[in-house]
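Let's walk through this structure together, one packing arrangement at a time. Keep the 3D view open and follow along.

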Amino acid sequence: MHPSQVPSPVPVLSPDLAGVLKNNVEATMVAIIKKNRHTRYFSESPDFAQFHSALRKLERENDTDISDDTLLETYQTTIPLTTYDSYEPFVTKFLAETCQEDDVRDMFSPGLPRFIVVTSSTSKPKPKFYCRYNLPTPLRHVFGDCGQTFWTFSLHYRQLVRVQNRNGDIISTIPAGTASSAGVRMQHGLEVENDHLNIKLAADWATSPVAVGFIRDYRTFMLTHTLFALAHGEVETICILFATSAVDMIRYMEEEWDTLITSIETGELPPGRGSNMSGNTFSGVFSVAVPKLRFYLGPNVQLRSLGFATSEARIATAYDPSDLNLFKATSQDIIEYLDVDKEDTASSIVPPLGSGNIMKSCAPLKTDCGVIALETVVEITGFDRTDGTPIFRYFERRKRLNSLPSSIVRSGVPTLAYLVEVHGELHPEAAKAPMRLHKELCCLNEEFDPQRMQIPTIRVLEPGAFGGYRQWKIETNDSGAGQAKVPVLMWDDAAREWMLARVRRELSVDSSGGVVQGRP
């Protein structure tokens with residue numbers, strides 16, 4: 001749908017729309033519970049013991065004719081809000097040195113998973129693992145036909161989980177890697193067992209051949225995708241996962257322009273353009289790259305969002321593609337909503353009936369019947385006019401500042417240190433930035449006491465440091481291009497050391513309040 005044809009959301013749910021939404025959500029939830037209530041996780045986890053106990057008291061534990069209303073009410077009143085700690089002991093069975101079918105079949109959903117998604121550990125010290133059983137909705141097809149697409153797809157995986165039966169035969173090979181790689185493989189039937197054949201295929205759904213998706217080096221991966229796009233004369237759309245990766249792509253192209261042109265002329269690979277650019281993540285922390293993209297691309301290239309997704313779950317699709325931070329909650333899974341001002345003890349599958357509410361979302365229940373808090377806070381701006389589905393904007397991530405790394409606490413007084421990358425010369429008044437930043441932080445955040453919070457330090461990195469970090473992190477974690485992200489907070493000591501080694505200037509304030517501007 002063209003952006004001008006997108007109807008504005010209704011600010012308040014009418015009784016009819018509220019009824020439609022409630023019926024749709026409850027039907028989806030009941031279907032998920034029925035499908036997964038006899039899985040290993042749901043049957044064996046202590047978190048769900050109260051649910052089974054309640055059904056036994058009703059003498060319905062083995063009654064397949066239990067009413068939907070009873071099943072739903074029992075679920076909603078007995079299932080707690082869980083964390084990854086509940087999920088981890090069960091998913092870890094897939095990562096055992098010898099993965100036995102008897103130990104993992106029907107673990108979170110009937111059968112065996114198609115893929116195991118590994119998070120990037122951007123906000124936590126170690127990655128998390130989530131099993132995927134179903135074919136995801138392909139992000140790049142949200143808008144229908146976008147013409148010839150330059151798509152920076154990756155087929156990388158961290159490891160292969162080989163499931164054995166009792167005879168020792170391998171009955172399934174499950175890749176563990178990024179969610180984006182899982183989506184590409186599942187959508188296009190690129191099974192890992194056939195990678196020796198897949199690597200020879202042309203991709204009629206992208207400008208690059210399938211082989212480019214196997215490149216692990218981040219810079220080479222981006223440049224090779226760019227090369228094939230430049231060689232193609234009719235590219236209309238660029239589809240890329242992160243806005244920051246798009247900036248990296250353009251910078252690499254500028255640096256290697258002569259090499260790329262020579263390769264096109266000679267038809268040999270070395271040791272742009274588009275009318276649309278679509279990205280999965282143009283909101284939240286990734287929105288910082290949007291001004292840079294607009295500068296590079298000019299006024300005639302449209303930036304569009306493809307949706308809102310995490311490794312844990314697909315949360316929403318783009319509502320108005322031209323609005324990079326406006327989403328419609330998924331209707332294929334269940335998103336529950338929590339009031340951010342209340343304890344995490346109660347959630348609702350239907351949010352408050354009016355717009356303007358700040359809510360925290362919980363993960364869908366599609367594969368496991370558990371409820372995992374995503375710590376993602378959204379602002380509900382209205383509701384879809386046809387089915388009442390919530391329309392929202394990304395607001396923030398919660399609990400980011402509840403447990404900061406010890407290195408940013410000096411003598412018991414909290415402070416913040418920022419790493420920034422500047423292209424070109426610093427502004428003549430850059431030295432005043434720490435004081436201005438301190439003032440704005442205290443104005444915007446009630447929990448920041450201006451008497452206790454020290455003046456932030458700003459460390460200016462060498463040009464290209466963030467792009468270099470993304471490449472270094474991918475190589476270090478063997479995570480693939482689909483997880484090329486710089487964290488908001490750096491928990492990893494090695495990552496902090498890598499960044500600090502590339503600091504070229506520091507802006508701070510000394511003990512007497514004087515501005516300090518120096519080099520490390």
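In this predicted model, start with helix 3 (residues 49-57) and helix 4 (residues 68-78), whose axes lie 9 Å apart and make an angle of about 140°. Angles over 145 degrees would count as roughly antiparallel, so helix 3 is classed as oblique to helix 4. The crossing of these two helices is right-handed. To find the contact on screen, pick out Q50, F51, A54 and L55 on helix 3, which meet L71, T74, Y75 and T78 on helix 4. Sorted by class, the contact of helix 3 with helix 4 has 5 nonpolar residues, 3 polar ones and no charged ones.

Now let's turn to the sheet. It is open, with 5 strands in the order 1-5-6-2-3 and mixed pairing. Strand 1 (99-100) and strand 3 are its edges, each pairing on one side only. Helix 7 (residues 179-188) packs on this sheet, where it touches strand 2, strand 5 (157-164) and strand 6, and its direction makes about 155° with that of strand 2.

Strand 2 deserves a longer look. In a regular strand, side chains alternate between the two faces of the sheet. Here F115 and V117 point one way from strand 2 (residues 115-118), while I116 and V118 point the other way, and all are buried.

What are the partners of this strand? Strand 3 (residues 129-132) runs antiparallel to strand 2 and is joined to it by 4 bridges. With strand 6 (residues 170-177), strand 2 pairs in the parallel sense over 2 bridges. I116 is a handy landmark for both pairings: it stands opposite C131 in strand 3 and opposite A176 in strand 6. V117, in turn, stands opposite G177 in strand 6.

Our last stop is another helix pair. Two packed helices are described by the angle between their axes and the distance between the axes. For helix 9 (residues 218-231) and helix 11 (residues 257-266), the axes come within 10 Å and cross at roughly 55°. Helix 9 and helix 11 are therefore oblique to each other, and helix 9 passes helix 11 in a right-handed crossing. Helix 9 brings L223, T226, L227, L230 and A231 to the contact, and helix 11 brings W257, L260, S263 and I264. By class, the contact of helix 9 with helix 11 has 7 nonpolar and 2 polar residues, with no charged residues.

Key
Residues numbered from 1 in each chain as written. Predicted model: local features only at pLDDT ≥ 70, side-chain atom pairs only at ≥ 80, totals over all residues. Heavy atoms only, no water. Axes fitted to C-alpha atoms, helices over the stretch in contact; angles between N-to-C directions. Parallel < 35°, antiparallel > 145°, perpendicular 65-115°, else oblique. Left-handed = near helix turned anticlockwise from the far one by under 90°. Contact = heavy atoms within 4.5 Å. Nonpolar A, V, L, I, M, F, W, Y, C, P; charged D, E, K, R; others polar. Buried < 20%, exposed > 50% of the residue type's maximum accessible area, 1.4 Å probe, protein only. Pairing = 2+ DSSP bridges.
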